[in-house]
Structure formats: C-alpha cells, structure tokens
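Student: I am new to this structure and would like to go through it with you, one question at a time. Could we look at it together and begin with the terms we shall need?

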Amino acid sequence: NRLLSNNDHFLNNSQEFYRPWGKYIVLEKKKNFLIKKITLKSHHKISLQKHNFRSEHWIVLNGKAKVTRDDDIYYLKKNESTFIPQNIIHCLENEEKTDLEIIEIQMGTKLSEKDIIRIEDPYGRIK
C-alpha cells in the first residue's frame, strides 16, 4: 500500500498479469500488434473463446499445447506454431505435468482483454 501511495514506478509499469490458469507478460505493445509470453500451469486451460477484432499466432517455447480451433483439436510441441483467425472459437490447454510456455502475437484493431468473448470458462468468469 505504501508503494502504491508513493506512485512507485515499478508497480505502475508492471507488465506481468496473473490469471487462474497461469500468467502472461507483455513483451511489446504497438498500435496494431501485441506480443505476450504466456505461462499456462499444468492441467489448466484458458477459456473457450473468440475475438471480434484480432487474430492470434501461438508459438510453443516449452511443453506440449493442446489446441482447439473450431471443431479441430491438435497438439503442438516446442518450436511449432499455429494461427487463430479472427472470430474462430479456440482454446489453449496444458495436459502435461510441467508448465506450458508460448509466445502469443495478437494482430488487429482492438488489442484488449475486452475483446474476449467467452463461450465456456472453467473458472466461472463472466462471458
């Protein structure tokens, strides 16, 4: 609280965000793209979701990713990648015993958490 009241620049400039499934770090953000490093904890997944204003590229750094893209389900290993077009229902899941690390590159006109349309959410967050 004391750091917050003193407007500590370390807290105000934090680019690390925690979620029930793990965390992400914003590596770079510009007008039409956003690059994140995502860590998905063992046996966790993100919401089944879609986005109206952005597409996403996922590149696996460590671990094995289970990817749902509309009706397709497939797996990606280290150094493999996939593309999630705008308005496609998708999910990222980690069925392994170790954390999954990916780079996510978002491209679009609205790069905000407000562009998440949740179809299903294992953590009970509002759709």
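Tutor: Helices (H or I, at least four residues) and strands (E, at least two) are DSSP runs, numbered from the N terminus. The model is a predicted one, in which local features need pLDDT of at least 70 and side-chain atom pairs count only at pLDDT 80 or more, while totals for chains, interfaces and linings use all residues. Residues are numbered from 1 along each chain as its sequence is written, and side-chain values use heavy atoms, with hydrogens and water left out.

Student: Which element supplies the largest share of the lining of the second largest pocket?

Tutor: On a 1 Å grid over the protein atoms alone, a pocket is an open set of points where a 1.4 Å probe fits, with protein on both sides within 12 Å along at least five of seven lines, and lining residues have an atom within 4 Å of a point. Strand E2 (22–29) and E3 each give at least two residues to the lining of this second largest pocket. The largest share, 3 residues, comes from E2.

Student: What is the volume of the largest pocket, and which element gives the largest share of its lining?

Tutor: A volume is the space filled by probe spheres set on the grid points, which are joined across faces, edges and corners, and for the largest pocket it is about 240 Å³. The lining has 18 residues, with Trp21, Lys36, Gln49, Glu113 and Ile116 lying nearest the centre of the pocket. Two or more residues of this lining come from each of E3, strand E6 (54–62) and strand E11 (100–108). The volume is thus about 240 Å³, and the largest share of the lining, 3 residues, comes from E6.

Student: How are the rings of Phe17 and Tyr24 arranged, stacked or edge-to-face?

Tutor: Rings of Phe, Tyr and Trp (its six-membered ring) pair if their centres lie within 6.5 Å, and planes under 30 degrees apart count as stacked, over 60 as edge-to-face and the rest as tilted. A search of the whole structure finds 1 aromatic pair. The ring centres of Phe17 and Tyr24 are 5.0 Å apart and their planes are at 25°, so the pair is stacked.

Student: Is Tyr24 buried or exposed?

Tutor: Buried means under 20% relative accessible area, exposed over 50%, and partly exposed in between (1.4 Å probe, protein chains only). Phe17 has 29% relative accessibility and therefore counts as partly exposed. Tyr24, at 6%, counts as buried.

Student: Which residue has its charged end over the ring of Tyr24?

Tutor: A charge sits over a ring if NZ of Lys or CZ of Arg is within 6 Å of the ring centre and within 35 degrees of the ring normal. Over the ring of Tyr75, 4.9 Å from its centre, sits the charged end of Lys64. Over the ring of Tyr24, 3.9 Å from its centre, sits the charged end of Lys36.

Student: Where does His43 lie, and what is its phi?

Tutor: Most residues other than glycine have a negative phi. His43 lies in the loop between E3 and strand E4 (44–45), and with a relative accessible area of 55% this residue is exposed. The phi of His43 is positive, near 60°.
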